[in-house]
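Subject: Handover of a structure and notes on what was found

Dear colleague,

Please find below the structure that I am handing over to you. My notes on what was found in it follow directly after it.

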Amino acid sequence: MGKRKLSLFSLLNGAFLILFSMSMLYPFLYILIYSLNDGKDSMLGALYFYPRQFTLDNYAQVFHNPKIWQAYRITIMRTLLGTILHVSLCTLMAYALSKKTLPGRTFFTFYIFLPTIFSAGFIPYFITLQKLHLVNTFWVYIIPMLFSFFHIVIIRTFLQGIPEELEESARIDGYGDFQIFLRVILPLSGPVLATISLFNGVAHWNDWFTGTYFVSDKSLIPVQTLLQQMLTEAEALSSSMQRAAQQGGQTMNNNVAGATPESLRMALLVITVFPILCIYPFLQRYFVKGVMMGSVKG
Amino acid sequence: MTAHPLVKRIWRHKLFYLFMLPGIVWFFLFSYVPLFGIQVAFRDFRFSGGFSGSPWAGLKYFHQFFGYYQAWELIRNTILISAMKLSVGFTMPIVLAILLNEVRNLRFKKVVQTLSYLPYFVSWVVVVTLMQRLLTPYGGPVNDFLRGTGLIQEPITFLNNTTWFYQVILGSDVWKNIGWNSIIYMAAIAGIDQQLYEAARIDGAGRFRQMWHVTLPGIRNIAVILFILATGSLMSAGYEQLLLLNGPATAAIGSVLDVHVINSGISEGRLSYAAAVGLFQSVIALVLIVTVNRVARKISDVSLF
């Protein structure tokens, strides 16, 4: 009797988890389908699993727009530069803090921990950015994101796991502190550096807030901010067009084809999400470990 | 002249101080300078004067906030939304971790896990754009499906609608974060001694009793710590999501403190007033986190600091 009960549970559990997985995946799939379907046709609705009138027109139009190229360039630049600087600087700091013999180690750890439990709030932070002349420059994307307490702790915990004997033997071989860091520590830190790069890279890629509130220069706007602006602007327009299409029904579908603001928006969304979906499966096994390391109390 | 031993030790570590220097400067500029800038909440802030050069205003801006006819509505909405997120958003990842732990097929488990944290890696702008497309009454697949199956006659307006606002806020929050937040519980479960399960089986415990008596106690400590951390944000309901999802139609139940600070501060330029509201938020958050930490230490021996 016990055995049968177990398998019923497994069955229900499995079915539930399949539904759950689909709810995670389907929204992305649907957007992909919508972006590959003729825009006017999509407005008729009842689009579920495959494009009804396949077209690459939406993508062609999106990529034809110089504004989007410019935004894409800003996003790529800030992601690459920001991530490289963030990971390098956090690693240097974490390595120093991992030295148990370092005088003042506890003080410096507390110094960077304190702001995580009490922060000044948004406005003093905003004024600070203004006073540092970062607002409305490209550097407002990079400099305020250079450090993160949690990332430093994760790297430090990892570095503390490297056996000290390795460093000692390198020292006997005549290596100095800096050479040890460069030739012994860094080559062993691949997994944790990959994890932090992913976290920070995604944060850079996904940040729309900075571009919306701290930047007014149109040529400095990243892709996510562009999408946010389309979200607010296109909403009213596209729903009124859709209403018209549904009332007009078939005739419109037969006579006119082409992209709509909505289908363009979906194409932009796909190219916004695509790079992340490409990278993250490869880094997955690292970041799962990374989160666990982060949970080890500093 | 013989140097003091501590000075010698510090000198020996000079390279490591150099490594820390950029970080020390950065945390000073971006964390401690703004802390010093909290005083703008008590001043009539002018850019020319800076943090300490503007005239004092006393509690004027705090009075202004509490005298604002919508102040209590803002506080109520903030607490209500974050309490809902705390209760649901906190328990769902635990449930997911336990259910995943019961899966015996490793490949299936891996696939479900991978898909579960997919949404965590996209921005709120993307999530809200997805929702708008999926839930729209004009040709959105959710309404199409519900009408197709005859469950509803008229399409439902899920967004910009007070009837569905909290469900939408909660649902999207859980959808985005559930997988990610479950990772830590998965790790805790993986760390449970297998002998405990064996012992429980020998004592005749079925699958549910094992969950109840072995798995749940095994993740208790980590759950308490995460709960303490989460209470710190009871005064903030998630500004990114609410900036994007709240509109005029849902303002009465969807306006929260974080968004109020951003709107009045940046969009309207009332910096001192917004700083006062933000300070009120920060202080309550600090009190909450210290209190919950103390309570947790008393009842369960687990605490953050």
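I begin with an acidic residue of chain B: Asp44(B) counts as buried, because its relative accessible area is 19% and the cut-off for buried is under 20%. Please note that the model is a predicted one.

Salt bridges

Asp44(B) is paired with Lys60(B) in a salt bridge, with 3.0 Å from N to O. Lys60(B) belongs to helix H4 of chain B, while Asp44(B) sits in the loop between helix H2 (14–36) and helix H3 (50–53) of chain B, so the bridge ties together parts that are 16 residues apart in sequence. Unlike its buried partner, Lys60(B) is partly exposed, with a relative accessible area of 39%. As general background, side chains of opposite charge can pair when their charged atoms come close.

Over all chains, the structure holds 9 salt bridges. One of them joins Lys99(A) to Glu167(A), with the closest N and O atoms 2.6 Å apart. This pair links distant parts of the chain, 68 residues apart: Lys99(A) is in the loop between helix H4 (66–97) and helix H5 (105–117) of chain A, and Glu167(A) is in helix H9 (residues 164–172) of chain A. Lys99(A) counts as buried at 12% relative accessibility, and Glu167(A) is buried as well, at 11%.

A further salt bridge in chain A is formed by Arg171(A) and Asp177(A), whose closest N and O atoms are 3.1 Å apart. Here Arg171(A) is partly exposed, at 41% relative accessibility, and Asp177(A) is also partly exposed, with a relative accessible area of 21%.

The contact between the two chains

In the contact between the chains, 99 residues of chain A meet 91 residues of chain B. Together the chains bury about 8700 Å² between them, and 77% of this is on carbon and sulfur atoms. Met24(A), Tyr111(A) and Phe118(A) supply 8% of the area that chain A buries against chain B, more than any other three residues.

The count of salt bridges between chain A and chain B is 1. Arg133(B) forms a salt bridge with Glu262(A), with 2.9 Å between the closest N and O atoms. Arg133(B) and Glu262(A) are also linked with Arg265(A) in a network of salt bridges.

Nonpolar cores and a surface patch

In soluble globular proteins, nonpolar side chains tend to be buried together. The largest nonpolar core in this model has 184 residues. Which of them touch the most other members? They are Phe147(A), Ile152(A), Phe214(A), Phe287(A), Met20(B), Phe65(B) and Tyr185(B). A second, separate core has 5 residues, including Val224(B), Ile289(B), Val292(B) and Ala296(B). Among the members of the largest core named above is Met20(B), which touches Met93(A), Ala96(A), Leu97(A), Leu102(A) and Phe108(A) when residues up to four places away in sequence are not counted.

On the surface, Leu8(A), Leu11(A) and Leu12(A) make a nonpolar patch of about 340 Å². Leu8(A) is part of helix H1 (residues 2–35) of chain A.

Chain A as a whole

Chain A contains 15 helices and 0 strands. Of its 298 residues, 52% are buried. Its accessible surface comes to about 14100 Å², of which 68% belongs to carbon and sulfur atoms.

Two residues of chain A have a positive phi without being glycine: His133(A), at about 60 degrees, and Asn136(A), near 65 degrees. His133(A) is in the loop between H6 and helix H7 (139–142) of chain A, and Asn136(A) lies in the loop between H6 and H7 of chain A too. His133(A) is exposed, with a relative accessible area of 65%, whereas Asn136(A) is partly exposed, at 31%.

A covered helix in chain B

Helix H15 (residues 257–267) of chain B is mostly covered, with 9 of its 11 residues buried. Among the buried ones are Leu257(B), Asp258(B), His260(B) and Ile266(B). The buried residues of H15(B) pack against parts of both chains, including helix H6 (122–131) and helix H12 (209–213) of chain A as well as helix H5 (71–101) and helix H16 (271–300) of chain B. Just after H15(B), Gly269(B) adopts a positive phi of about 70 degrees.

With kind regards

Conventions: Residues numbered from 1 in each chain as written. Chains lettered and ligands numbered in written order. Predicted model: local features only at pLDDT ≥ 70, side-chain atom pairs only at ≥ 80, totals over all residues. Heavy atoms only, no water. Patch = residues over 30% accessible without salt bridge, like charges linked within 9 Å, V, L, I, M, F, W, Y side chains within 5 Å. Areas by Shrake-Rupley, 256 points an atom, 1.4 Å probe, with all protein chains shown as cover. Salt bridge = Lys/Arg side-chain N within 4 Å of Asp/Glu carboxyl O. Helix = DSSP H or I, 4+ residues; strand = E, 2+ residues; numbered from the N terminus. Core = buried A, V, L, I, M, F, W, Y, C linked by side-chain atoms within 4.5 Å. Buried < 20%, exposed > 50% of the residue type's maximum accessible area, 1.4 Å probe, protein only. Contact = heavy atoms within 4.5 Å. Buried area = accessible area lost by both parts, 1.4 Å probe.
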